[in-house]
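Welcome! Take a moment to look over the structure below, and then we will walk through some of its features together.

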Amino acid sequence: MTTRPSSSGTAASPGTAAPADATRRPAAGTPTVAASGLSLTYHRTVALDEVSLRLDPGVTGLLGPNGAGKTTLLRVLATAIRPDQGTLTVLDDDPGSVRGRTAVRRKLGYLPQSPGFHPGFTAFEFVDYVAILREHTHRAARHQEVRRVLAAVGLSDVRGKRIRALSGGMRQRVALAAALVDDPGFLVLDEPTVGLDPEQRIRFRELIAEAGEDRTVLLSTHQTEDVAMLCRRVVVLAHGRIEFDGTPAELAEQAAGRVWASTAREPAALAGWRTGTGEFRNLGDPPDGARLLEPTLEDGYLLTLGGLPTKEDA
Amino acid sequence: MTSAKPWHVSEEDLRAYAAGDLPPPRLWSAETHLAGCPHCRSVLAEHADPRELADGWARLDAELDAPSPGLAERLLLRARVPDHIARLLAAAPVLRWSWFASVLFVLALAVLVGRTTTPLLLLSTAPLLPLAGMVLSFGPGLDPAYELTVTAPLHTFRLLLVRASAVLASTLPTGVLASLAMPSFATVTAGWLLPALALTTLGLALMPRLGPVLAPGLVSAGWLLSLLLGWLLSHGPPFPYTAVGQLTTAGTGLLAGVALVAARHHFETARHLTPSFRFAARRLL
């Protein structure tokens with residue numbers, strides 16, 4: 001193993017952290033990610049069905065129910081698995097070849113659903129381990145980079161603590177720090193806010209928003225709140241297909257005129273629940289004279305999924 | 001009584017010190033003085049090469065910040081293993097005491113049985129230990145950070161080889177010691193080395209095709225079956241421990257090595273390393 005070269009082809013100078021590199025950002029006018037016709041089948045189950053997607057700088061949310069194919073799509077984009085069909089370009093490189101895949105991995109940060117911490121490692125040691133996996137062999141420069149990313153996620157003070165002694169929120173921040181090593185141009189985050197309490201989730205949102213200021217972030221989540229607060233764009237995936245691709249406001253708009261209030265349960269509603277005021281909030285085609293409500297992102301998301309034919313219907 | 005007049009190292013000497021040209025005894029005097037004089041240190045910093053100074057601070061930072069590594073990592077560093085390789089190995093289960101204790105326990109039991117009744121337990125288990133170590137040190141479900149590993153720029157196959165060396169380094173010497181503890185069977189019991197290498201290589205070569213569970217499982221089962229059949233059919237040493245058996249094992253190991261190198265790129269993505277038995281069975285059929 002040799003000292004990790006910078007993207008410009010020169011060896012990283014000792015004692016300096018990896019700087020933001022122009023080649024880690026997409027060329028002007030080209031998307032960070034361009035995927036076309038991605039398909040993948042596991043044991044006769046279609047995980048991805050002709051998924052085409054373009055991602056540009058900023059935070060894009062990926063919403064979908066369990067089994068929709070979100071994690072599979074993220075793994076394909078993170079080069080963990082190869083699709084059966086389709087073309088993919090990430091930051092101008094094609095991960096289909098060995099050389100292209102390595103080039104993509106050098107410009108990619110990935111936070112998997114289960115980051116898998118090595119027991120007994122401290123926060124510093126874990127991020128250091130990931131930096132080594134990213135071909136950082138020069139000790140001083142690597143440690144400087146580790147300190148930089150741990151400071152970026154606010155964990156400088158606990159860097160010497162064993163990971164098993166950290167809270168869930170801190171562990172997720174350690175994983176995010178590992179994903180930020182080398183200042184990647186494309187950040188893939190798979191449900192990073194799961195299991196976090198509201199305070200930790202807000203702190204994590206701040207970090208994601210910060211990370212998305214100058215790079216492309218794809219955020220898979222079950223939380224429509226995360227999307228509403230962070231994302232300039234949202235993609236809804238169901239049964240391995242993209243069912244919606246637009247802004248959060250446009251997703252909410254999908255439910256315009258299809259959310260209404262009632263004093264009793266509405267059997268005809270696609271979904272309905274009693275709210276804190278005692279009224280029912282209903283989604284679907286409202287009856288005549290119904291009192292319409294302002295749609296939310298969650299309403300739009302639920303109606304996008306509710307409008308899908310089920311497997312039995314198909 | 002008068003207090004000593006404060007003095008400072010001359011600029012000329014500081015310049016020579018920064019360049020590494022200051023001769024003793026002025027060098028010793030300057031070094032002693034610099035340790036206690038902030039003024040001279042700041043003047044020295046002006047004369048020192050800024051890049052070297054920055055490198056020095058970075059090295060100092062790195063040393064101060066570096067967490068104290070665990071025992072296994074310290075031993076590796078003492079053995080002059082580069083620190084990044086030591087960290088890659090420290091993340092492998094084979095370098096944990098639980099694994100090492102398990103190896104020692106199995107070998108001790110095999111030696112005990114071998115000295116009292118039959119060496120078959122040692123002959124059958126010793127060659128499987130490196131394979132078991134490889135399975136434990138790499139693969140989905142076993143390496144907690146596997147998904148991060150497989151998406152990192154460092155080639156997974158390279159990591160596999162690094163860890164394979166650690167597995168062999170931790171299991172082969174203990175196996176040799178176990179062999180030496182059986183004086184009446186020393187020649188035969190030393191014959192497990194070739195099968196150990198061949199089985200490990202074969203298990204790894206089949207991994208991209210069959211997955212990290214079925215591949216070593218089948219190899220282990222095949223090995224044990226061949227020993228059992230040999231034991232049932234003849235009363236001599238088991239077939240792999242005969243001269244012909246050793247040659248056959250060496251040939252199998254070589255072929256498996258070629259297949260492993262040919263399949264190296266399949267280790268770079270996760271799909272063919274899924275731990276699912278059903279998937280592996282489908283691949284097999």
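How many salt bridges does a search of the whole structure find over all chains? The search gives 24. Please keep in mind that this is a predicted model.

Let us begin with three of these pairs, all in chain A. Side chains of opposite charge can pair when their charged atoms come close.

| Salt bridge | N to O distance |
|---|---|
| A:Arg142 and A:Asp128 | 2.6 Å |
| A:Arg203 and A:Glu206 | 3.2 Å |
| A:Asp226 and A:Arg205 | 2.8 Å |

In the pair of A:Asp226 and A:Arg205, the two residues are buried. A:Asp226 sits in helix 7 (residues 224-230) of chain A and A:Arg205 in helix 6 of chain A, so this salt bridge ties together parts that are 21 residues apart in sequence. Helix 6 (residues 198-211) of chain A also holds both A:Arg203 and A:Glu206, which are three residues apart, about one turn of the helix. A:Arg203 counts as partly exposed because its relative accessibility is 28%, and A:Glu206 is partly exposed too, at 45%.

The side chains of A:Arg142 and A:Asp128 also meet in a salt bridge, and both residues are buried. They belong to a network of salt bridges that links A:Asp128, A:Arg139, A:Arg142, B:Asp83 and B:Arg87. Helix 4 (residues 139-152) of chain A is also where A:His143 is found. With a relative accessible area of 2%, A:His143 falls under the 20% cut-off, so it counts as buried. A:His143 and A:Ala131 are twelve residues apart in sequence, and their C-alpha atoms are 8.8 Å apart in space.

Next come the nonpolar parts. The largest nonpolar core has 57 residues, and A:Phe126, A:Val174 and A:Leu176 have the most contacts inside it. Helix 3 (residues 123-133) of chain A gives the most to this core, with nine residues. Beyond its neighbours within four places in sequence, A:Leu176 is in contact with several residues, including A:Leu111, A:Val153 and A:Phe204. A second, separate core has 26 residues, among them A:Leu62, A:Ala78, A:Val104 and A:Phe186.

Finally, turn to chain B. An unreviewed UniProt entry lists transmembrane regions in this chain, including residues 213-233 and 239-263. Residues 213-233 of chain B are 100% helix, with the end C-alpha atoms 30 Å apart. Over residues 239-263 of chain B, the chain is 80% helix and the end C-alpha atoms are 29 Å apart. B:Leu225, in helix 13 (residues 193-233) of chain B, is part of a nonpolar surface patch with B:Leu228, B:Leu229, B:Trp231, B:Leu232 and B:Leu233. Together these residues have about 690 Å² of accessible area.

Conventions
Residues are numbered from 1 along each chain as its sequence is written. Chains are lettered from A and ligands numbered from 1 in the order in which they are written. This is a predicted model: local features need pLDDT of at least 70, side-chain atom pairs count only at pLDDT 80 or more; totals for chains, interfaces and linings use all residues. Side-chain values use heavy atoms; hydrogens and water are left out. UniProt positions are given in the numbering used here, feature names are shortened, and annotations may be inferred rather than shown by experiment. Helices (H or I, at least four residues) and strands (E, at least two) are DSSP runs, numbered from the N terminus. A nonpolar core is a set of buried Ala, Val, Leu, Ile, Met, Phe, Trp, Tyr and Cys residues joined through side-chain atoms within 4.5 Å. Buried means under 20% relative accessible area, exposed over 50%, partly exposed in between (1.4 Å probe, protein chains only). Contact means heavy atoms within 4.5 Å. Patches are made of residues with over 30% relative accessible area and no salt bridge: like charges are joined within 9 Å, nonpolar side chains (Val, Leu, Ile, Met, Phe, Trp, Tyr) within 5 Å. Accessible areas come from the Shrake-Rupley method with a 1.4 Å probe; for residues, only the protein chains shown count as cover. A salt bridge is a side-chain nitrogen of Lys or Arg within 4 Å of a carboxyl oxygen of Asp or Glu.
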